[in-house]
Amino acid sequence: MGSPVVLGIESSCDETGAGLVRDGRLLGHAVASSMDEHARFGGVVPEIAARAHLHSFTPVVREALDRAGLRMADVGAVAVTTGPGLSGALQVGLAGAKTLAFSLGVPLYGVHHLAGHVAADTLEHGPLPDPCMVLIVSGGHTSLLLVRDLVRDPIAHLGDTVDDAAGECFDKVARVFGLPYPGGPAIDRTAREGDPHAVRFPRPLTGPKDSRYDFSFSGLKTAAARWAEQHRLQGKEIPLADGAASLQEAVADVLTRKAVAACRAHEVGTLVVVGGVAANSRVRALAEERCRAAGITLRVPPLGLCTDNGAMIAAVGDLLVRAGAEAAPLDVSIDPSAPLEYAALHPGARPPTQATASARATGPGPLPGTLPGPSDHL
């Protein structure tokens, strides 16, 4: 008999995601986004995001089950993002996941959001090589990681962003350019008609004395903003396509240059690029070009698995189940700013006592303060 079906729940920001995975295979998933509700504010409003998760949780889980051709009773484990992310948004997802795990009598696993992005690639390309280099690029995170066994070994950080992440840079510059939110896709679309060499924007932290694998995009953001402001002060129309293409080229250049250098230095033959910015066309193209030249295998998830989704959380849960990892107790909490150290994230959980061990053997006890059982309506 195979492993149980794992239901994954993602609610760290403005997407409510549910996915079902068994034995490394994606059975079905669904995502509801509140992005349109945030667009008029130019960024994510935490209270709006949390309310949207409340409204979307049950329909999204139901849709994922329908797409997989499964019933709620078929779920054998629940995995949920416990951090990092927006506090209220994470609480909604965790409360719903606890309710489902309790009502079904199945184990619950807390998952680090960024580990989910890494695991998303396994749903398309199979198990990760040991070791592999992982470049995470998203709205809030830019990190270069050396990964061995994703759910058994600690995750080694070679470099992280010291200020703005790559996606954050895109969002902020897009606002200055007068482009819509979210900025990443808007920059990508606008750049298609532009010259990537029209503006020589800086390549931060690429000098010989700079940190070799850390990232910084705040200065690039400022340079792009000043470039646009100079055109406005001179009464000139901003050449948006050239500006967007040049900005995108600078970001892609820095990301891929450092990632390939890390692969060479650590003699790693596979680079995995994940996160929302991995959907950027120039980042993908330049990564492919440089990896091919260096003899490095490049792995990038399909576009639908680059942005936040429940399938990636289910993928981590599936790996944890198959590795025999200990499940989270039902008093597990959230950590909105959790560093990525391990794939499993069980913040605030009390060490098991004889009483809790006995309770686990006989089934979960009462769970106060959670959502009413959505499983009754699925």
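The exercises below, each with a worked solution, concern a predicted model.

**Exercise 1. Confidence along the chain**

Determine what pLDDT the chain averages, and over which residues the pLDDT is below 50.

Solution. Begin with the overall figure: the chain averages a pLDDT of 91, and 92% of the residues score at least 70. Then turn to the weak stretch, for over residues 354-378 the pLDDT is below 50, although this stretch has 36 contacts in the model beyond near neighbours in sequence.

**Exercise 2. The open sheet**

Work out the order of the five strands in the open sheet, and state which strands stand at the edges.

Solution. The first step is the order, which reads 3-2-1-4-5 in this open sheet, with mixed pairing. The second step follows from that order: strand 3 (25-33) and strand 5 (108-112) each have a single partner strand, so one side of each is left without a neighbour in the sheet. As a third step, consider the geometry, in which the twist from one strand to the next averages 20 degrees.

Next, examine one pairing in detail. Strand 4, which covers residues 75-83, runs parallel to strand 5 and is joined to it by five bridges, and Val80 stands opposite Gly110 in strand 5. Finally, place the helix that packs here: helix 4 (residues 113-120) lies across strand 1 (5-10), strand 4 and strand 5, and runs at about 90 degrees to strand 5.

**Exercise 3. The setting of Ser246**

Establish where Ser246 lies, whether the residue is buried or exposed, and which residues it touches.

Solution. Start with the secondary structure, where Ser246 belongs to helix 9, spanning residues 240-265. The relative accessible area of Ser246 is 0%, and because buried means under 20%, Ser246 counts as buried. The surroundings come next: leaving aside residues up to four places away in sequence, Ser246 touches Asp195, Pro196, His197, Ala198, Val199 and Phe201. With Val199 there is also a polar approach, since the backbone nitrogen of Val199 lies 3.1 Å from a polar atom of the side chain of Ser246. For a distant reference point, take Ser12, which is 234 residues from Ser246 in sequence and 31 Å from it in space, C-alpha to C-alpha.

**Exercise 4. Salt bridges within and between helices**

State how many salt bridges the structure holds, and explain how Arg67 with Glu63, Glu168 with Lys172, and Arg290 with Asp253 are placed.

Solution. The total is 14 salt bridges. In the first pair, the closest N and O atoms of Arg67 and Glu63 are 2.5 Å apart; the two residues are four apart in helix 2 (residues 46-68), which means that about one helical turn separates them. Arg67 is exposed at 54% relative accessibility, while Glu63 is partly exposed at 31%.

In the second pair, Glu168 and Lys172 have their closest N and O atoms 2.9 Å apart, and these residues, four apart in helix 6 (residues 166-177), are likewise separated by about one helical turn. Both are partly exposed, Glu168 at 24% and Lys172 at 35%. This pair also belongs to a network of salt bridges that links Asp164, Glu168, Lys172 and Lys221.

The third pair has its closest N and O atoms 2.9 Å apart, between Arg290 and Asp253. Arg290 lies in helix 10 (residues 281-294) and Asp253 in helix 9, so the salt bridge ties together parts that are 37 residues apart in sequence. Arg290 is partly exposed, with a relative accessible area of 26%, whereas Asp253 is buried, at 6%.

Terms used:
Residues are numbered from 1 along each chain as its sequence is written. This is a predicted model: local features need pLDDT of at least 70, side-chain atom pairs count only at pLDDT 80 or more; totals for chains, interfaces and linings use all residues. Side-chain values use heavy atoms; hydrogens and water are left out. Buried means under 20% relative accessible area, exposed over 50%, partly exposed in between (1.4 Å probe, protein chains only). Contact means heavy atoms within 4.5 Å. A polar contact is a pair of N or O atoms within 3.5 Å; within protein, one must be able to donate a hydrogen and the other to accept it, and residues adjacent in sequence count only if both atoms are side-chain atoms. pLDDT is the predictor's confidence in each residue, from 0 to 100. Two strands pair if DSSP finds at least two bridges between them. Axes are lines fitted to C-alpha atoms, for helices over the stretch in contact, and angles run from 0 to 180 degrees between N-to-C directions. A salt bridge is a side-chain nitrogen of Lys or Arg within 4 Å of a carboxyl oxygen of Asp or Glu.
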